[in-house]
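Got a structure open and not sure where to look? Let's go through it in questions and answers.

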Amino acid sequence: QVVLVESGGGLAQPGGSLSLSCSISGNVFHIDVMGWYRQVPGNERELTATVTRNGNMDYADSVKGRFTLTVDNIRNIIHLQMHNLKPEDTAVYYCNARGYLTTWEQFDSWGQGTQVTVSS
């Protein structure tokens with residue numbers, strides 16, 4: 001079983017900064033992709049920032065230049081630094097990891113979600 005535990009988030013003013021962290025635990029063969037998605041009520045969950053096993057980063061156009069995803073490969077923790085926040089960044093942010101538990105058994109796990117609110 002793969003468990004993702006998120007921390008961080010909260011309330012920030014427009015132009016402010018917040019950070020999110022996600023620790024990934026469990027016996028895995030390897031993780032192929034991990035990162036962050038966000039969801040606003042009534043909308044689909046959307047990619048925010050992800051990183052592949054090879055280190056390839058992918059950011060939503062709306063966060064490029066403002067959000068930075070970093071990875072602590074030793075402790076299996078990923079961080080999302082969010083700067084110059086905008087009200088439209090308000091959402092529930094979910095950590096995601098997917099890969100293989102064994103050579104053939106895949107997993108696709110989600111954290112419980114953490115609220116980010118940007119408001120003056």
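## Strands, rings and loops

Q: In which order do the 4 strands of the open sheet come?
A: This is a predicted model. In it, 4 strands make up an open sheet, and their pairing is antiparallel. Going across, the order is β1-β3-β8-β7.

Q: Which are the edge strands of that sheet?
A: An edge strand here pairs on one side only. From one strand to the next, the twist averages 15°. The two edge strands are β1 (3-8) and β7 (67-72).

Q: Which residue in β3 stands opposite Glu6?
A: Start with how the strands are joined: 6 bridges link β1 to strand β3 (residues 18-25), and the two run antiparallel. Opposite Glu6, in β3, stands Cys22.

Q: How many helices and strands does the chain have?
A: Read the elements from the N terminus on and you get β-β-β-β-β-β-β-β-β-β-β. That gives 0 helices and 11 strands.

Q: What is the radius of gyration of the chain, and what does the globule rule give for 120 residues?
A: Along the principal axes, the C-alpha atoms fill a box of roughly 50 × 25 × 20 Å. The chain is as compact as a globular protein of that length, because its radius of gyration is close to what the globule rule gives. The radius of gyration is 14 Å, and the rule gives 14 Å.

Q: Among contacts between residues at least 6 apart in sequence, what percentage join residues at least 24 apart?
A: First, some context on burial: of the 120 residues, 40% count as buried. As for contacts between residues at least 6 apart in sequence, the share that joins residues at least 24 apart is 54%.

Q: How many residues apart are the partners in the pair of Tyr37 and Trp110?
A: The structure holds 2 aromatic pairs. In one of them, Tyr37 and Trp110 meet edge-to-face, at 5.1 Å centre to centre with 65° between the planes. This pair links distant parts of the chain, with Tyr37 in strand β4 (residues 30-39) and Trp110 in strand β10 (residues 106-110). Along the chain, the partners are 73 residues apart.

Q: Is Tyr37 buried or exposed?
A: Buried means under 20% relative accessible area. Tyr37 has 12%, so Tyr37 is buried.

Q: What is the relative accessible area of Trp110?
A: Trp110 falls in the partly exposed class. The value behind that is 36%.

Q: Why does the pair of Tyr94 and Trp110 count as edge-to-face?
A: Planes over 60 degrees apart count as edge-to-face. The ring centres of Tyr94 and Trp110 lie 6.5 Å apart. Their planes are at 85°, so the pair is edge-to-face.

Q: How many residues apart in sequence are the parts that the pair of Tyr94 and Trp110 ties together?
A: Tyr94 lies in strand β9 (residues 91-100), while Trp110 belongs to strand β10. The pair therefore ties together parts that are separated in sequence by 16 residues.

Q: Which residues form one aromatic cluster?
A: Trp110 pairs with Tyr37, and Trp110 also pairs with Tyr94. Tyr94 is buried, with a relative accessible area of 14%. The members of the cluster are Tyr37, Tyr94 and Trp110.

Q: Which residue lies over the face of Tyr94?
A: Tyr94 touches several residues beyond four places away in sequence, including Glu6, Tyr37, Arg45 and Trp110. One of these lies over the face of Tyr94, at 3.6 Å from the ring centre. A residue also lies over the face of Trp110, at 4.6 Å from the ring centre, and there too the name is Arg45.

Q: Which loop holds Asn76, with its positive phi of about 55°?
A: Most residues other than glycine have a negative phi. Asn76 has a positive one although it is not a glycine. Asn76 is partly exposed, at 24% relative accessible area. Its loop is the one between β7 and β8 (77-82).

Q: What is the phi of Asn84?
A: Asn84 lies in the loop between β8 and β9. Asn84 is partly exposed, with a relative accessible area of 43%. Although Asn84 is not a glycine, its phi is positive, at about 50°.

Note on methods. Residues numbered from 1 in each chain as written. Predicted model: local features only at pLDDT ≥ 70, side-chain atom pairs only at ≥ 80, totals over all residues. Heavy atoms only, no water. Phe/Tyr/Trp six-rings, centres within 6.5 Å; stacked < 30°, edge-to-face > 60°. Buried < 20%, exposed > 50% of the residue type's maximum accessible area, 1.4 Å probe, protein only. Lys NZ or Arg CZ within 6 Å of the ring centre and 35° of its normal. Pairing = 2+ DSSP bridges. Axes fitted to C-alpha atoms, helices over the stretch in contact; angles between N-to-C directions. Contact = heavy atoms within 4.5 Å. Rg over C-alpha atoms; globule rule 2.2 N^0.38 Å.
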